[in-house]
Amino acid sequence: MLIIPIFNFILLVLLFFFEKLELISLVILCISNGTLMYFASKIEDQKTKIKKNTADFNVTNSSRAFTSEDLENQLINEIEDYILFINSFNAISAANQAAKNYYGDIIGKDLSSFIRVPDLLDKIEISRNKRINEYLEFDINLPTYSFFRLTVVPLSQKNVLLVVKDYTDVKKAERLRSDFVANVSHELKTPLVSIKGFLETIYSSAKDDPIAQQKFIKIMQEQANKMEILISDLMSLSRIEMQEHVQPNSKVNVNEILESLQKVPNKMAEKKGLDIKIIKNKTTPFVRGNYDKIFEVVQNLYDNAIKYTKDNSVVEIFLKNNEDKLTKGSVSIHVKDQGIGIPKNEIHRVTERFYRTANAKKNLIQGTGLGLAIVKHIINQHRGDLEINSRLNEGSEFIVHLPIYEKKN
Ligand code: ADP
């Protein structure tokens, strides 16, 4: 485009030199030619801009140039369920990424070589012939327990699609729930059966024996107390489980909790001749939480320490402040005893509901097995942590870490 005015300009200068053009005409013609050059260069600029925009548009468009097939493949690969395309010979002709990750290199392999479920081939045949979806549930125990639900979907030309869903977590939760119900029923039934038995005796063989009656009534009272403690622990546990996601927000002075514990005399501690050391710490900052709940935690650990420590030994409760730039710091409450201890391989289990160590049962120490489960849930709710250090026959230390209270901005 610029070529024409440039050519015009050269021609005008030549005409002037060969005296074919007057100076004034040369000036006028040069000005009009210059204007022409200016507009020509503008048009040139616009052309380059348009070219660049078109190129940009093509680049962006080419990265979005997704065929519906690409999209479907990506979708299938994103799905967490295992999807397998089975051909008419029951071999795998395709699989999504989740299936490849789980089963490994399976393309071209026979289905029964890696899913060994007795009814599977029958279900596939029914699905093929009747053209309906078929369903199957199965579990495997190795390497770990897993539970699956499988759907067979008929496709064209005797091919079928298998969709395998992993329901292990759901199944485990179901098991936990039913174990829990079984445990509760068992724990409540034992004292109840005992109360019923003694009642019957009082009405029959011990009808005229006031001394035996008094003895049986005392046992019945103990059993009823046991039931009461269990029910109250269960209620505590279910309350705390429901609130676990809401972190309590009050300013709590842990020293006040230690003071309250100090004030109440402990009958069992006296009976066992224990030396109780409850040591407050003036420099301990406030923690974020709920006073009553933190009290429940410390009371539980304190009761356990007294219960599981040896006669004439020492039980200590003390506080430590922990500087931590990441978490803005924490306070730890230490409850230490010199008791029966917990075997190393059982430490991680003692916070499970109803779990009692063989050691505790052997020593005939009474308990529900719910206290530490409650403690753990309350600490979780406070976004804290429970640390357990223990040595068999030497003693245990339970450490509760709680975040300090700092004003939120
Ligand atoms: P329990 O009512 O049986 O004391 P917990 O839930 O409080 O139930 O504790 C669970 C189990 O952890 C106890 O049965 C016991 O085996 C063990 N345990 C708890 N605290 C101590 C401790 N201080 N020393 C030794 N073992 C303990």
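## Ser238 and its partner across the chain

At 36% relative accessibility, Ser238 counts as partly exposed. This residue sits in helix H7. The structure described here is a predicted model. Along the chain, Ser238 and His377 are separated by 139 residues, yet their C-alpha atoms are 9.9 Å apart in space.

His377 belongs to helix H12, which spans residues 371-381. With a relative accessibility of 17%, His377 is classed as buried, because the cut-off for that class is under 20% relative accessible area. Ser238, at 36%, is instead partly exposed. Beyond its neighbours within four places in sequence, His377 is in contact with Leu237, Ile240, Glu241 and Glu244. One of these residues, Glu241, also makes a polar contact with His377, side chain to side chain, at 3.5 Å.

## Helix H7

Helix H7 covers residues 210-243, a run of 34 residues. From its first C-alpha to its last, H7 reaches 49 Å, close to the 50 Å expected at 1.5 Å a residue.

The buried residues of H7 are Ala212, Phe216, Met220, Gln223, Met227, Leu230, Asp233, Leu234, Ser236, Leu237 and Ile240. An α-helix has 3.6 residues a turn, so residues three or four places apart point the same way. The cover over the buried residues of H7 includes helix H6 (168-203), helix H10 (291-308) and H12. H12 is also the helix that holds His377, and among the contacts of His377 are Leu237 and Ile240, both of them listed as buried in H7.

## The ligand site

The ligand is surrounded by 20 residues, of which the closest are Tyr308, Arg356, Thr357, Thr368 and Leu372. By class, this shell consists of nine nonpolar, eight polar and three charged residues. At least two shell residues come from each of H10, H12 and strand E12 (395-403). H10 makes the largest contribution, with three residues.

Several polar atoms of the protein approach the ligand. In the side chain of Lys307, a polar atom lies 3.0 Å from a ligand oxygen. An N or O atom in the side chain of Asp337 is 2.9 Å from a nitrogen atom of the ligand. The backbone also takes part: an N or O atom of the Gly369 main chain lies 3.1 Å from an oxygen atom of the ligand. Taken alone, the ligand exposes 520 Å², and the protein buries 98% of that area.

## Asn359 and helix H11

Asn359 is placed in helix H11, which comprises residues 358-362. Its relative accessible area is 10%, so Asn359 is buried. A polar atom of the Asn359 side chain lies 3.2 Å from the backbone oxygen of Gly341. When neighbours within four places in sequence are set aside, Asn359 is in contact with Ile340, Gly341 and Leu392. Gly341 thus appears both in this contact list and as the backbone partner of the Asn359 side chain.

## Loop residues

Gly329 lies in the loop that links strand E9 (314-322) to strand E10 (330-336). With a relative accessible area of 5%, Gly329 is buried. Its C-alpha atom is 9.6 Å from that of Glu406, a residue 77 places away along the chain.

Most residues other than glycine have a negative phi. Arg131 has a positive phi, near 55°, and is located in the loop between helix H5 (120-130) and strand E3 (134-140). Asn393 also has a positive phi, near 65°. Asn393 occupies the loop between strand E11 (385-391) and E12, and at 48% relative accessibility it counts as partly exposed.

## The protein as a whole

The protein contains 12 helices and 12 strands. It has 409 residues, of which 36% count as buried. Among contacts between residues at least 6 apart in sequence, 58% join residues at least 24 apart. The exposed area of the protein is about 26400 Å², and carbon and sulfur atoms supply 57% of it.

How values were computed. Residues are numbered from 1 along each chain as its sequence is written. This is a predicted model: local features need pLDDT of at least 70, side-chain atom pairs count only at pLDDT 80 or more; totals for chains, interfaces and linings use all residues. Side-chain values use heavy atoms; hydrogens and water are left out. Helices (H or I, at least four residues) and strands (E, at least two) are DSSP runs, numbered from the N terminus. Buried means under 20% relative accessible area, exposed over 50%, partly exposed in between (1.4 Å probe, protein chains only). A polar contact is a pair of N or O atoms within 3.5 Å; within protein, one must be able to donate a hydrogen and the other to accept it, and residues adjacent in sequence count only if both atoms are side-chain atoms. Contact means heavy atoms within 4.5 Å. The expected span of a helix is 1.5 Å times one less than its number of residues. A residue is near a molecule or strand if one of its heavy atoms lies within 4 Å of it. Accessible areas come from the Shrake-Rupley method with a 1.4 Å probe; for residues, only the protein chains shown count as cover. Ala, Val, Leu, Ile, Met, Phe, Trp, Tyr, Cys and Pro count as nonpolar, Asp, Glu, Lys and Arg as charged, and the others, Gly among them, as polar.
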